[in-house]
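Work through the following exercises with the sequence and the 3D view open. Each task is followed by a solution in steps.

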Amino acid sequence: MNVILHTLNASPASSACSDCLRLLASGDALLLLGDGVYAALAGSADRARLDASGAAVYVLDTDAAAAGVLSRVDGVTIIDIDGFVALTEQCSRQLAWY
Amino acid sequence: MIYSLLVMSSPASGQCATTAAQFARAVLARGHSIKRVFFLDKGTSSGSAMAVFPQDEADRLAPWVELAEQHQVELILCIASALKYGMLDATEAQRREKPAATVHPAFSVSGLGQLVEAASAADRLITFGG
């Protein structure tokens, strides 16, 4: 599958995050990790942009738990490290935003 | 599939360097192989034999050493980055007349060509930055 996996490890305030959101296309996959997990917060402006992008959005469970947002990311898929590897199996290319 | 990893995250701040080590282990657990892990910029600190982390925090070195020793994963520190961060293996410490080697023996110090070769020999190159 020639799908791009974007990995975002940067806060919503960063230019890396806005650049990522600008390039995110329908059908892409996006994994939020590190400070990137805050972009999945339900009700936030960035979350609205993620939902509108048509991309499949995932958050890494350990980072979301560490950030205390695990209960506030309804609607995105929470995955563990094994799920991260599975995403890289499906996506032939990765774009790392940080 | 064959994976290579590029680790640019510092083990001293944030979770990403630890995530990279967990990812490497998960790659192997899913039946893939790892051609090489290449550490660049701040990521080279992951090879430090000297860093001491608080007792209530996870050991950042042990997961990499385990990958090298138990699964023969090749761990390479970019030499240009490593020297700037004071990451010297025994050969470099001797050559530069420094008092001690600082790199754990599970890691090697080598050139950027190792990253290019790792990328071309792998089906996937996964980058960990920030």
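The exercises below concern a predicted model and go from one chain to its empty spaces and then to single residues.

**Exercise 1. The fold of chain A**

Task: Describe the secondary structure of chain A and decide how its radius of gyration stands against the rule for a compact globule.

Solution.
- Step 1: Count the elements. Chain A has four helices and five strands.
- Step 2: Put them in sequence order. The pattern reads β-α-β-α-β-α-β-α-β.
- Step 3: Apply the globule rule. A compact globule of 98 residues would have a radius of gyration near 13 Å, and the 12 Å of chain A agrees with this.
- Step 4: Add the dimensions. Along the principal axes, the C-alpha atoms of chain A fill a box of roughly 30 × 30 × 20 Å.
- Step 5: Look at burial and contacts. Of the 98 residues in chain A, 52% are buried. Taking contacts in chain A between residues at least 6 apart in sequence, 70% join residues at least 24 apart.
- Step 6: Turn to the surface. Chain A has an accessible surface of about 4,200 Å², and carbon and sulfur atoms account for 51% of this.

**Exercise 2. The cavity**

Task: Find how many cavities of 30 Å³ or more the whole structure holds, and state what lines the largest cavity.

Solution.
- Step 1: Search the whole structure. One cavity of 30 Å³ or more is found, and the largest cavity holds about 50 Å³ of space.
- Step 2: List the lining. It has 13 residues, and those nearest the centre are A:Thr7, A:Asn9, A:Leu33, B:Thr127 and B:Gly129.
- Step 3: Assign elements. Strands E1 (4-8) and E5 (93-97) of chain A and strand E5 (124-128) of chain B each supply at least two lining residues. E5(A) gives the most, with three residues.
- Step 4: Sort by type. The cavity lining has eight nonpolar residues, five polar and no charged.

**Exercise 3. The pocket**

Task: Give the volume of the largest pocket and the makeup of its lining.

Solution.
- Step 1: The volume of the largest pocket is about 220 Å³.
- Step 2: Its lining has 14 residues, with A:Asn9, A:Gly34, A:Asp35, B:Gly14 and B:Gln15 nearest the centre.
- Step 3: Helix H3 (residues 61-67) of chain A provides the largest share, three residues.
- Step 4: By type, the pocket lining divides into three nonpolar, eight polar and three charged residues.

**Exercise 4. Loop residues**

Task: Is A:Asp74 buried or exposed, and which residues are in contact with B:Ser48 beyond its neighbours within four places in sequence?

Solution.
- Step 1: Locate A:Asp74, which lies in the loop between H3 and strand E4 (77-79) of chain A. Its relative accessibility is 58%, so A:Asp74 counts as exposed. Its C-alpha atom is 6.6 Å from that of A:Ala42, 32 residues apart along the chain.
- Step 2: Locate B:Ser48, in the loop between strand E2 (33-39) and helix H2 (62-71) of chain B. At 12%, B:Ser48 counts as buried. Its contacts outside those neighbours are B:Leu61, B:Met87 and B:Thr102.

**Exercise 5. Positive phi**

Task: Place B:Asp41 and B:Gln72, and give the phi of B:Asp41 and of B:Gln72.

Solution.
- Step 1: Recall the background. Most residues other than glycine have a negative phi.
- Step 2: B:Asp41 has a positive phi of about 50°. B:Asp41 sits in the loop between E2 and H2 of chain B, and at 37% relative accessibility it counts as partly exposed.
- Step 3: B:Gln72 has a positive phi of about 55°. B:Gln72 belongs to the loop between H2 and strand E3 (75-78) of chain B, and at 61% it counts as exposed.

Notes
Residues numbered from 1 in each chain as written. Chains lettered and ligands numbered in written order. Predicted model: local features only at pLDDT ≥ 70, side-chain atom pairs only at ≥ 80, totals over all residues. Heavy atoms only, no water. 1 Å grid on protein atoms, 1.4 Å probe; cavity = no way out; pocket = protein on both sides within 12 Å on 5 of 7 lines; lining within 4 Å. Points joined across faces, edges and corners; volume = space filled by probe spheres on them. Nonpolar A, V, L, I, M, F, W, Y, C, P; charged D, E, K, R; others polar. Rg over C-alpha atoms; globule rule 2.2 N^0.38 Å. Buried < 20%, exposed > 50% of the residue type's maximum accessible area, 1.4 Å probe, protein only. Contact = heavy atoms within 4.5 Å. Areas by Shrake-Rupley, 256 points an atom, 1.4 Å probe, with all protein chains shown as cover.
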